[in-house]
Amino acid sequence: MPAGSTNNASSAARDDDPIGPPAHRRAHWSVPLALLVLIGGLLMTALATATSRDATDAAQAARLEQLVDRLITRINMRLGRHEDALRGVRAAYIASRHLSREEFSDYVRSCGFDERYDELHGLGLVRRIRPDALDSFVEYIRSDGVFDCSFHAVEGDPAALVIEYFDATVRDIDLVGINIGDVPELRKAAELAAATGAATISAPVRLADTPIDMQLVLMFLPIFDDRDSAAPGHAGPAAPLAGWAIAPLDIQRAFTGARIGSDFALDVVASDSTTAGTRQVIADTRVHPVAPMTLHGQTISRRESLNVGGRTWNLDISPRPEFESPTDFAGATWLTLGGLSTSVLAAGILLVIGRSHQTARRVALEMTAALRRNEERWQLAVRANNNGIWDWDLSTSRLHVSPAWLSQLGVSESDFTGRYDDWASRVHPEDLPRALEAITAYIEDRAPDYNLELRMRHADGSWRWIHTQGVCTRDAHGRAVRMVGCHADVTDRLRVEKALRESEGLARETATELEAKRVELERACDAADQANRAKSTFLANISHEIRTPMTAILGYADLLLDRADISSDARDFAGVIKRNGEHLLTLLNDVLDLSKIEAGRMSVERLPCAPSDLVDDVVSLMRPRIAARGIEISVAHDPDAPRHLMLDPTRTRQILLNLVGNAIKFTHAGRIDVRTWFTRDNPTGDSARGRLHVAIRDTGIGIRPEHIGHLFEPFMQADESMSRRFGGTGLGLPVSLRLAHLMDGDILVESEPGVGSTFTLVVRAEPCTEPAATSPRQINPSNTTAPHAALIGRILFAEDGADNQRLIGFHLKKAGATVHFAANGQEACDMLLAAAKTAEPFDLVLMDMQMPLLDGYEATRRLRAAGFSTPIIALTAHAMADDRRRCLDAGCDDYLTKPINRDQLLSVCGQWLELSRLKRAQFLAA
């Protein structure tokens, strides 16, 4: 809102000081003043017109510079796309052992080059043929049935350059069979490409005996390939240059296409000046080539140089007539006319003002007294108001303000002139247009009120936010003649509001970021779950595919070891097979355990256990290996330790087997000491909880300190030499450590190179008074000699693998059972349901769970749905945690995994055959 100055001295003339000299002495001033204004206006109009024309010329020159840069960029991009097309042809040629004509044509058409490259006339393949191979190549081409041709070697040239394949993309042309080696420009470009390995462009040529009646350039891209070719004349490994990928280009169309667009009003004349002293025009986009290229009637142009494909092109670029927009000069014309009109009008107004001046003076004298009285009342009201008060006389543009108005801006009365421009100079430049628009809209009655906030400069240089509002008075014709209002400093209020808005915005941004992080985290969790599921599925399949053949490998090795009539060498060989098979099975179990632990699917249990018995059992199992090494082992138990503890005996035993096995593997001489003890969490308290410690100390090779940190990383050993010298996969220790963590424990390592290592297992345990459970022990089928009860009954064995049918069938028959075989689940269902209706039903079913046609799961479900009640034992190579539950849920009564343990197989079959006989006897008795 405008404000004005305090004008303590009245602007009206005092009664004793008449305004100016008498009228008859001042009436002549209007005529010279009008002439002076007219002459000054004409001079200013001429200056403004010249300035406008210069600005227009500069803008046109800048636009021309920009369009030229864009044109050159487009030309480079188009030529780059053609090189990409040639790279695709080269890749297709190298990827195929011998690219046939049909394959070449299919590839070119599948790429859709005719849709993307309007200046590209086709793609071709040039072969380099040695002179001594011309005849055989001609016979090869004729046998291809495409064209009949003959070539001759150019004198002094080592080879002919023949277009073997060509596929037109735009018009029906065929360049197949042309020896481009006869054209010096093309041969030179091809040889340059072969020498540099980069794409080159030839000089403009017109190919003879072709339907293309236009000037073309050929782009060459060399093809290097060290493979032998089925086609005669191939350069062979000694000369890996196989040929060139080529593309005929219409350069005229390339330059025309690059100018597409409403703003590309440019003429281009492109010439090839690679050879010194020569200039050959390759493209001319001028509509009237003879017309001069001008701008504002003056010749103006740009010359640019392009280095493309080993050639130098000069571009003469100039604007077309339509480049000059009519609007560019309309402003200058209107400026001239407006200036002339304004000058004449101003001179006329001054003449009119001069004549009416006398009348105005009389009116001013009459109004002076009334104005003086109103001003006195105004000054009293202004001083009494705390807000800034302003009064704007629209007829004189004089502004009057209160002391509070001045105080808000730190301005003294002497520093404020009271003119409109003084107020405008204090308004922020960004807010001034908005304020003027608001004032104008209110004065012109287009807005209901005048009320806004703007920035004004304080005397200290800072910007203060001012809230200003006002009302106007109008004359009898509705025209505004005066505005009065007030303004208040609202800087502090707006600063607080801005801080609140920024805080709210920051809160919203934080909430948005948190929501985005939450969504990202959910996606990451979903991806991790999918990866874990995929890994579990993969490991399950790997387990199945390894365990299935391992059944036959270990089973037949056992059969060989059981025979008494084999040689000692054969027995040793069978033992090697069995040991390595068991090692592979152990590795598989470690991988599955590690996968289950990482997926969070491994669980532990707490059972009564005697730790001393468990350790003795592990040492007993390892004694054959220890004896083979020629080392000693000792075991010492703390006599004060509790006899029984709540532990997971299976997982504890697995860890100890790994730790003792490692000690044996890395100890060549000396001894291994195993010691156990128990520590309580609170020795002086009532709590019995504590930790079991089992330390395995060896006198082996030891471990360097810098390698200890890598011991528990999967598939890592102390260093690579360990894997080469001692074997192993590096899974035993990582699995053991993770199992210890699951039991709220840890594995501690102390080692010194050349002295030995000590691995200490520490697990949380609690003493108990219950009898310890018998420690599990693996049975070695090859060493067991315990007799088995005879199997009496009919068994159906459903298995699609012939080797496993023969092996397991052999064990069952040897134990006395009558065995029948089914190759898939459907056949098993048919045989079982048919036999159930006869007097000789089957007594037991061994069902492989993964078979063709109908798997064991579906076969078992169908049998149970049909009322089949005979025991079914699942026999599967799937050994993951959920596989047993899946088999039992399908209707199986028991579950055995591959590889099959012979003793376990016969024991389980014997139990279920006995149960089946009892049920049948009860049924017959009823």
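This is a short walk through some helices of the structure, one selection at a time.

**The whole chain**

Keep in mind that you are looking at a predicted model. Start with everything shown as a cartoon: the protein chain carries 22 helices and 28 strands. Colour by burial if you like; 43% of the 926 residues count as buried. Now think about contacts between residues at least 6 apart in sequence: 68% of those join residues at least 24 apart.

**Stop 1: helix α5**

Select residues 184-196, which is helix α5. Put a distance between its end C-alpha atoms and you get 18 Å, which agrees with the 18 Å that 13 residues should span at 1.5 Å a residue. Next, show side chains for Leu 186, Arg 187, Ala 189, Ala 190 and Ala 193, which are buried in α5. Turn the view to look down the axis of α5: the buried residues sit within an arc of 165°, so they line one face of the helix.

What do those buried residues pack against? Add β2 (160-168), β3 (200-201), β4 (217-224) and β5 (241-249) to the selection, and you have the partners. Then swing round to the other side of α5, where Pro 184, Lys 188, Ala 195 and Thr 196 are exposed. Before moving on, click on Gly 197, which follows α5 and has a positive phi near 80°.

**Stop 2: the pair α13 and α14**

Jump to residues 611-629 for α13 and 649-665 for α14. Their axes come within 10 Å and cross at roughly 25°, and that angle, being under 35 degrees, makes α13 roughly parallel to α14. The crossing is right-handed.

For the contacts, show side chains on both helices. On the α13 side, the residues that meet α14 include Leu 614, Val 618, Leu 621, Met 622 and Arg 625. On the α14 side, look for Leu 656, Leu 657, Val 660 and Ile 664, among them. Gly 661 of α14 takes part too, as do Arg 629 of α13 and Lys 665 of α14.

**Stop 3: helix α18**

Select 802-814. α18 has 13 residues and reaches 18 Å from its first C-alpha to its last, close to the 18 Å expected at 1.5 Å a residue. Which residues of α18 are buried? Pick Asn 804, Gln 805, Leu 807, Ile 808, Gly 809, His 811 and Leu 812. Carry on along the chain to Gly 816, which follows α18 and has a positive phi near 110°.

**Stop 4: the pair α19 and α20**

Take 825-836 for α19 and 856-865 for α20. These two pack at an angle of about 25°, with 9 Å between their axes, and that makes α19 roughly parallel to α20. α19 passes α20 in a right-handed crossing. To see the contacts, show Gly 825, Gln 826, Cys 829, Leu 832 and Leu 833 in α19, which meet Ala 859, Arg 862 and Leu 863 in α20.

**Stop 5: helix α21**

Leave α20 on screen and add 883-890, helix α21. Asp 883, Cys 887 and Ala 890 are its buried residues. They cover an arc of only 65° around the axis, which puts them on the same side of α21. The buried residues of α21 pack against α20, and also against β27 (872-876) and β28 (894-897). Finish on Gly 891, just after α21, where phi is positive at about 120°.

Terms used
Residues are numbered from 1 along each chain as its sequence is written. This is a predicted model: local features need pLDDT of at least 70, side-chain atom pairs count only at pLDDT 80 or more; totals for chains, interfaces and linings use all residues. Side-chain values use heavy atoms; hydrogens and water are left out. Helices (H or I, at least four residues) and strands (E, at least two) are DSSP runs, numbered from the N terminus. The expected span of a helix is 1.5 Å times one less than its number of residues. Buried means under 20% relative accessible area, exposed over 50%, partly exposed in between (1.4 Å probe, protein chains only). The arc is that of the directions from the helix axis to the C-beta atoms. Contact means heavy atoms within 4.5 Å. Axes are lines fitted to C-alpha atoms, for helices over the stretch in contact, and angles run from 0 to 180 degrees between N-to-C directions. Angles under 35 degrees count as roughly parallel, over 145 as roughly antiparallel, 65 to 115 as roughly perpendicular and the rest as oblique. A crossing is left-handed if the near helix is turned anticlockwise from the far one by less than a right angle, and right-handed if clockwise.
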